[in-house]
Amino acid sequence: MRQAAVGVPVATVWSSPDAPAPADVPVLGADPDMAAWIRSLSHERRLGLVGRVVTQALWGDLVLVQEELDGWARVILPDQPSSLDPRGYPGWVPVAQLATCAPVTAAERYVVAAPTVLTGVAGKRLPVQVSFGTRVYCPAPPGDVPAGDGPGDGHAWASTRSGHRLRLPARALSPTGDVPARGADIVRSAMSFAGLAYLWGGAAGFGLDCSGLAWLVLRRHGIIAPRDAHDQAEAGQPASLDALAAGDLVFFAERPSGHIHHVGIALGDGRMVHSPRTGRPVEVTALATEPYASELASARRYRST
């Protein structure tokens with residue numbers, strides 16, 4: 001097993017090398033075009049992602065490569081805890097989307113805090129879009145910043161764990177430190193995705209499933225949460241359904257099995273923001289609305305008060 005880093009803005013993680021369809025080619029190469037792929041997805045193709053896409057990983061994220069087979073890597077994602085594997089979420093990604101882990105030389109850590117951001121990349125002619133939650137390090141190492149192209153124009157140069165150097169709008173970056181996340185902060189981040197279409201397996205600013213929304217928002221605030229809803233319902237701290245606070249995760253279970261199948265983020269006023277299902281965007285819904293009222297099962301708190 002070797003360590004590597006995600007070397008593209010968003011790597012889609014598949015259930016097997018045979019899972020992608022011909023129409024998924026835009027996100028399989030060394031320069032995946034996530035936005036174009038998303039635009040090409042019809043309702044039927046979105047439904048067809050179930051069982052094929054398992055999650056997504058962001059630029060610079062650490063991956064543990066277990067094996068390589070015909071241009072594919074079987075990987076573990078330590079930043080996405082899962083009951084499927086104690087080391088992290090398992091899946092397959094194209095080898096071309098992985099890079100060697102680069103040493104982190106900058107002391108200041110930042111995170112992209114806008115849903116998606118257009119950024120320049122050193123050595124590339126065209127800009128690319130990076131996702132909310134992408135971790136970067138500022139400033140870029142000495143000698144990596146092109147002469148005369150500094151932060152005075154409202155941009156900052158940052159590096160990723162994959163060794164890439166990104167020119168990002170300073171307003172889209174937020175420092176990551178030891179300040180505890182407040183419920184209002186979590187809600188504000190979640191609401192920035194209002195209107196974004198549901199995407200099965202989505203864990204980036206281009207499309208999100210229900211647990212992907214919760215995972216990505218908590219990640220932006222420095223909280224490592226499990227990737228799937230049923231695992232999220234077992235982590236964090238218990239929260240009372242009778243006294244929900246803004247930022248609490250609320251979980252919904254199938255009846256009568258009790259299997260957790262959905263998660264939302266409580267707004268603290270009897271409503272939640274969530275990514276419901278294929279064909280629906282991230283939206284605000286009253287917890288008293290069916291079927292949510294009869295399926296509301298538990299709540300967990302991941303923030304510090």
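In which loop is Asp228 found? In this predicted model, Asp228 belongs to the loop that runs between helix H4 and helix H5 (229-232). Asp228 is buried yet forms no salt bridge, the nearest side chain of opposite charge being that of Arg227, 4.2 Å away; because a salt bridge requires a side-chain nitrogen of Lys or Arg within 4 Å of a carboxyl oxygen of Asp or Glu, this separation does not qualify. When neighbours within four places in sequence are left aside, the contacts of Asp228 are with Tyr89 and Ser211.

Ser211 is itself one of the buried residues of H4, among them also Trp215, Arg219 and Arg220. Burial extends to 11 of the 11 residues of H4, so the helix is largely enclosed by the rest of the structure. After H4 comes Gly222, which has a positive phi, near 80 degrees.

The sheet associated with these elements is open and comprises 6 strands in the order S17-S22-S18-S19-S20-S21, paired in antiparallel fashion. Strand S17 (237-238) and strand S21 (283-286) form its edges, each pairing on one side only. Within the sheet, strand S18 (residues 249-253) and strand S22 (residues 296-301) run antiparallel and are joined by 4 bridges, and Leu249 has Arg300 of S22 as its bridge partner. Helix H4 (residues 210-220) packs on this sheet, where it touches S18, S19 and S20, and its direction makes about 45 degrees with that of S19. Helix H3 (residues 183-191), by contrast, lies across strand S19 (260-266), strand S20 (271-274) and S21, and runs at about 110 degrees to S19.

Conventions:
Residues numbered from 1 in each chain as written. Predicted model: local features only at pLDDT ≥ 70, side-chain atom pairs only at ≥ 80, totals over all residues. Heavy atoms only, no water. Pairing = 2+ DSSP bridges. Helix = DSSP H or I, 4+ residues; strand = E, 2+ residues; numbered from the N terminus. Contact = heavy atoms within 4.5 Å. Axes fitted to C-alpha atoms, helices over the stretch in contact; angles between N-to-C directions. Buried < 20%, exposed > 50% of the residue type's maximum accessible area, 1.4 Å probe, protein only. Lys, Arg positive; Asp, Glu negative; His and termini not counted.
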